[in-house]
Amino acid sequence: VIMYKLSRWICIILLLALMMDTIDSLSENIGNFSSLPVCSGEDNIVLSHAFYNSDPKKMIKFDGSNCPDDVWLLTMQENNLINGKFQGIFVNIGFNKGYNFANWINVFAPWGDVTPANWYTKLKSIRSEGDLCGVCHDCLTEFKPPQSTAVKNANYVLVGVDINNGNIELSKRAFCPKSYTNDCIKTSSEGTISLHLIQAAGGEHNGNLFVPKCAIGDELCRVPDNATEMSREELHDKYHVEVEYIPAVSVDQLMHNLTLDHSITNTLLQSVHNTFFSHIPHSSNNDLEEGNTPTTVAIDILMIDTEGHDALVIKGSKHLIKKQAIRCIVFEYHEFNPWPSFKLEDIMNYLDEHGMDCYFQGFSRLWPITGSCWHNNYEFHQWSNVMCILRKDPWHEALQKYVMTVTGLRGSDLIQEGSLIKFTNSRSVYRVEKGKKRPFSSGRVFLEHGYDFDDVKVVDIVYSYILPDGDSY
């Protein structure tokens with residue numbers, strides 16, 4: 001009997017030890033696991049149809065994803081303040097008129113006294129002709145960032161890459177009008193903001209190529225198809241424009257070069273170098289070697305706007321993506337070449353494998369497209385914007401309040417049982433009944449049921465795809 005009881009206790013102890021090892025293993029690797037699915041059953045179909053047909057601004061499909069409102073930037077900064085984070089590296093590949101710089105300073109470093117509105121004023125003082133507000137009316141963006149009295153020794157690094165030297169000159173003069181170089185720094189009692197501008201083409205590989213000279217602020221200025229295979233004469237004859245020879249650089253190599261630039265003395269960049277690149281010799285190899293698992297991040301936000309080359313820029317960030325060293329990636333999804341040669345699903349799967357969840361940006365909404373939320377309806381290759389967030393990063397949890405889910409939509413107070421509703425851009429009136437929308441066949445029928453038109457709520461057309469159709473009254 002004693003031996004039997006002893007053997008039972010030994011088995012229990014061994015089982016508990018095994019469970020603890022499993023829990024420890026899960027804890028160590030949780031950052032690499034897919035997030036809990038927000039889509040189940042046919043949720044991905046419902047959400048993809050709702051996203052494709054949403055029209056909050058009464059202009060276009062895709063929930064205004066071509067020009068999203070970026071309200072989540074405020075939530076990101078609120079989260080930073082909670083965690084006492086007063087530093088960051090923000091990289092913009094294809095910055096055009098520089099409004100992302102203005103937005104980032106306005107939100108993350110409001111003491112820098114830069115807003116989209118006064119950025120526009122500075123641009124106009126430099127160049128009076130042309131539309132300098134931006135195709136998305138960027139100059140009208142208004143942020144009221146959270147304030148903190150605890151800001152001290154803040155350190156923000158902004159990096160811009162653009163093929164148009166005129167854009168570099170424009171942003172440099174807007175931020176540092178007296179600077180003679182493309183690197184300038186502003187300091188105050190709260191901290192430092194540095195801006196580093198580079199004329200180059202962002203892409204997958206490093207090298208050089210010919211590109212057309214574009215007008216300042218030309219938002220369609222882009223690297224031509226097959227530019228790496230064309231001579232100056234061929235490019236000139238095809239596009240009938242002046243041509244210049246510029247570097248091509250991957251994001252991995254960009255950050256490597258920046259952290260090695262001894263003319264830039266910045267403790268934040270030095271920390272990135274020590275963590276990610278100290279084991280790598282200064283070279284222009286396309287593939288940077290693998291190193292140890294990092295303990296910090298190299299880029300807080302990577303913004304990509306390259307008129308069709310965005311997938312190549314992502315591929316050129318593979319070293320940092322594999323290291324989970326980029327907190328947030330935002331890129332344009334386009335019909336411009338070479339985007340049509342890439343499947344968005346493949347890009348989503350690649351980022352998912354390296355710990356990121358992705359969303360279409362919309363009108364103060366994020367539409368999930370990773371894992372079980374993916375649907376082939378999203379392979380539409382039209383102008384829109386995608387944001388990907390590192391799952392293990394505090395920003396991921398903070399931004400969940402913007403994420404569209406079928407469960408969340410169906411739980412909305414706007415479409416509870418008995419609600420009288422009509423959708424934007426529609427004259428029909430419905431009553432919500434048993435999870436369906438039942439239309440009234442006429443206004444007379446509506447009044448005969450004892451209802452009042454003053455009780456009808458106008459709701460977003462998104463809900464029309466969440467509620468299945470019911471029989472007419």
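# Helix packing, hollows and two backbone oddities

The axes of α3 and α4 come within 9 Å of each other and cross at roughly 40 degrees. That makes α3 oblique to α4 (angles under 35 degrees count as roughly parallel, over 145 as roughly antiparallel, 65 to 115 as roughly perpendicular and the rest as oblique). This is a predicted model, in which local features need pLDDT of at least 70 and side-chain atom pairs count only at pLDDT 80 or more, while totals for chains, interfaces and linings use all residues. Residues are numbered from 1 along each chain as its sequence is written, and side-chain values use heavy atoms, with hydrogens and water left out.

**Helix packing**

- Helices (H or I, at least four residues) and strands (E, at least two) are DSSP runs, numbered from the N terminus; axes are lines fitted to C-alpha atoms, for helices over the stretch in contact, and angles run from 0 to 180 degrees between N-to-C directions.
- α3 passes α4 in a right-handed crossing (the near helix is turned clockwise from the far one by less than a right angle; anticlockwise would be left-handed).
- In this pair, Leu73, Leu74, Met76, Gln77 and Asn80 of α3 meet Asn103, Trp104, Val107 and Phe108 of α4, where contact means heavy atoms within 4.5 Å.
- Those residues of α3 and α4 divide into six nonpolar, three polar and no charged (Ala, Val, Leu, Ile, Met, Phe, Trp, Tyr, Cys and Pro count as nonpolar, Asp, Glu, Lys and Arg as charged, and the others, Gly among them, as polar).
- Moving along the chain, α4 (residues 99-108) packs on α5 (residues 116-126) at an angle of about 140 degrees, with the axes 9 Å apart, which makes α4 oblique to α5.
- Here α4 contributes Tyr99, Phe101, Ala102, Asn103 and Asn106, and α5 contributes Pro116, Trp119, Tyr120 and Leu123; by class, the contact has seven nonpolar, two polar and no charged residues.
- α5 also packs with α6 (residues 165-175), at an angle of about 115 degrees and with axes 9 Å apart, and passes α6 in a right-handed crossing.
- Trp119, Lys122, Leu123 and Ile126 in α5 meet Leu170, Ser171, Arg173, Ala174 and Phe175 in α6, a contact of six nonpolar, one polar and two charged residues.

**Pocket and cavities**

- On a 1 Å grid over the protein atoms alone, a cavity is a set of points where a 1.4 Å probe fits but cannot get out, and a pocket is an open set with protein on both sides within 12 Å along at least five of seven lines; lining residues have an atom within 4 Å of a point.
- The largest pocket has a volume of about 910 Å³ (the space filled by probe spheres set on the points, with grid points joined across faces, edges and corners).
- Its lining has 38 residues, with Asn66, Cys67, Val135, Cys136 and Asp138 nearest the centre, and α4 gives the largest share, three residues.
- The whole structure holds four cavities of 30 Å³ or more, and the largest has a volume of about 220 Å³.
- Of the 19 residues lining the largest cavity, Gly94, Ile163, Cys221, Asp305 and Thr306 lie nearest its centre.

**Backbone oddities**

- Most residues other than glycine have a negative phi, and most peptide bonds are trans.
- Asp70, in the loop between α2 (43-53) and α3 (72-82), has a positive phi of about 60 degrees although it is not a glycine.
- The peptide bond from Asn337 to Pro338 is cis, with omega near 5 degrees; Pro338 sits in the loop between β9 and α12 (344-353).
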